[in-house]
Amino acid sequence: MATAGKVIKCKAAVAWEPNKPLVMEEIEVAPPKAGEVRIKIVATGVCHTDLYHLFESMHKDGFPAVLGHEGAGIVESVGPGVTEFKTGDKVIPLFISQCRECRFCKSPKTNQCEKGWAAERYDVMSLEDSRFTCKGKKVLQFMGTSTFSEYTVVNQMAVAKIDPAAPLDKVCLLGCGVCTGYGAAVNTAKVEPGSTCAVFGLGAVGLAAVMGCKAAGAKRIIAVDINPEKYEKAKVFGATDFVNPKDHSKPISQVLSEMTDGGVDFSLECVGNVAVMRNALESCVKGWGVSVLVGWTDLYDIAARPLQLIAGRTWKGSLFGGFKSKDGVPQMVKGYLDKKVKLDEFITHNMTLAQVNDAIDLMKQGKCIRTVLSVSPQ
């Protein structure tokens, strides 16, 4: 392309400081260095993790930054030494690397990787180095992706090449939320056919967890949320029951225990709230119950009575649904194209990148499942 090797000026939504609206700016995106890929972002979802960084974590070293980590786009150019990608490839940038060389990548037990932003500055959620500048200032790249920009530069270890038939304004959701929830059920919890499950929180991640439970053959899937309007949506993905904790005077774990003869086989916490994490654990049946922490947070300690675990329950965590990123995302894209994975049903709003603050407000108010932003024309 005519832009290869040159600095690109483009639009991006910049978070100059925590707890403030994003600002549409013209930024400069430098050409990719060795091992990097420059991507034109076509579409991106708005995920709660973006809001977590902006409004909850508010790490002083994490700004200014371009947020967004659930995107899809087209390769504009590649840096020296890149052979896996070429101009025109449809790709999804990944917030978890897969270098295929470190001990974690070589182990079938985990999807984590020793390289990338998470290996060094997981609390800041960005590396110190960046290809972005704005008004003469360096702007950080959020989670190694920064999809709230018309162009971004990503390490080739954190890019998945996908089927050229895939619609980018749908499969962008596989960059985070849908893979995170679906994989937590299928890969991490390893939900079994005929089992009973409870999913806490019915945002996009929770609904994807419901879908994963159904795909794994669960016979009963109890959706738990304080918003009763979410139940109809949960049914679309496979929920069989709905429980609103606000409707009960007793603890939700006790309610679920009474509904299921002692507790569910599997529970998945998809909120990012440490109190809910404990409730999810206590909702599991003793002896073999498995509870998975899926919601992202790093602000508070979790607590539980030792007897909950001594009695045979297992407490696990799941990052990106346990998917090895470069391998798993193309498989999920294929699942969508084969009509085995739902994506369209998650999307409640379509907006432009310039409307990003409106999209953030919708999520803060719990009025959307996923808003997809159109970033660049294909």
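## A tour from the barrel to the cores

Begin with the barrel, which 5 strands close in the order 1-2-7-8-4, with mixed pairing. Keep in mind throughout that this is a predicted model.

Within that barrel, select strand 4 (residues 65-66) together with strand 8 (residues 137-141), and you will find the two paired in the parallel sense over 2 bridges. To see one of the bridges at residue level, pick alanine 65, whose bridge partner in strand 8 is leucine 140.

Next, turn to the nonpolar interior. In soluble globular proteins, nonpolar side chains tend to be buried together. Here the largest nonpolar core has 109 residues, and selecting Phe148, Val171, Leu268 and Phe346 shows you the residues with the most contacts inside this core. Helix 6 (residues 204-215) is worth colouring as well, since the largest share of this core, 8 residues, comes from that helix. Apart from this core lies another, of 12 residues, which includes Ala198, Phe200, Val243 and Cys284.

Go back to valine 171 and display its surroundings, leaving aside the neighbours within four places in sequence: the residues in contact with valine 171 are then Ala72, Ile92, Ile162, Ala166, Val333, Tyr336 and Leu343.

Now move to isoleucine 252, which is found in helix 8 (residues 252-259). With a relative accessibility of 8%, isoleucine 252 counts as buried, because the cut-off for that class is under 20%. If residues up to four places away in sequence are not counted, isoleucine 252 touches Phe200, Val224, Val243, Pro245, Asn279 and Ser283; two of these names, Phe200 and Val243, also appear among the members of the 12-residue core. Draw a distance from isoleucine 252 to serine 283 between their C-alpha atoms, and the viewer should give 7.6 Å, although the two residues are 31 residues apart along the chain.

Finish with the cysteines. How many disulfides does the structure hold? The structure holds 0, and two cysteines are useful places to inspect the sulfur distances. Select cysteine 134 and cysteine 10: the sulfur of cysteine 10 is the closest cysteine sulfur to that of cysteine 134, but it lies 9.9 Å away, which is too far for a bond. Then select cysteine 172 and cysteine 176, where the closest cysteine sulfur to that of cysteine 172 is the one in cysteine 176, at 11 Å, and therefore again too far for a bond. As for their surroundings, cysteine 134 counts as buried at 0% relative accessibility, and cysteine 172 likewise counts as buried at 0%.

Technical notes:
Residues are numbered from 1 along each chain as its sequence is written. This is a predicted model: local features need pLDDT of at least 70, side-chain atom pairs count only at pLDDT 80 or more; totals for chains, interfaces and linings use all residues. Side-chain values use heavy atoms; hydrogens and water are left out. A nonpolar core is a set of buried Ala, Val, Leu, Ile, Met, Phe, Trp, Tyr and Cys residues joined through side-chain atoms within 4.5 Å. Buried means under 20% relative accessible area, exposed over 50%, partly exposed in between (1.4 Å probe, protein chains only). Helices (H or I, at least four residues) and strands (E, at least two) are DSSP runs, numbered from the N terminus. Contact means heavy atoms within 4.5 Å. A disulfide is a pair of cysteine sulfur atoms within 2.5 Å. Two strands pair if DSSP finds at least two bridges between them.
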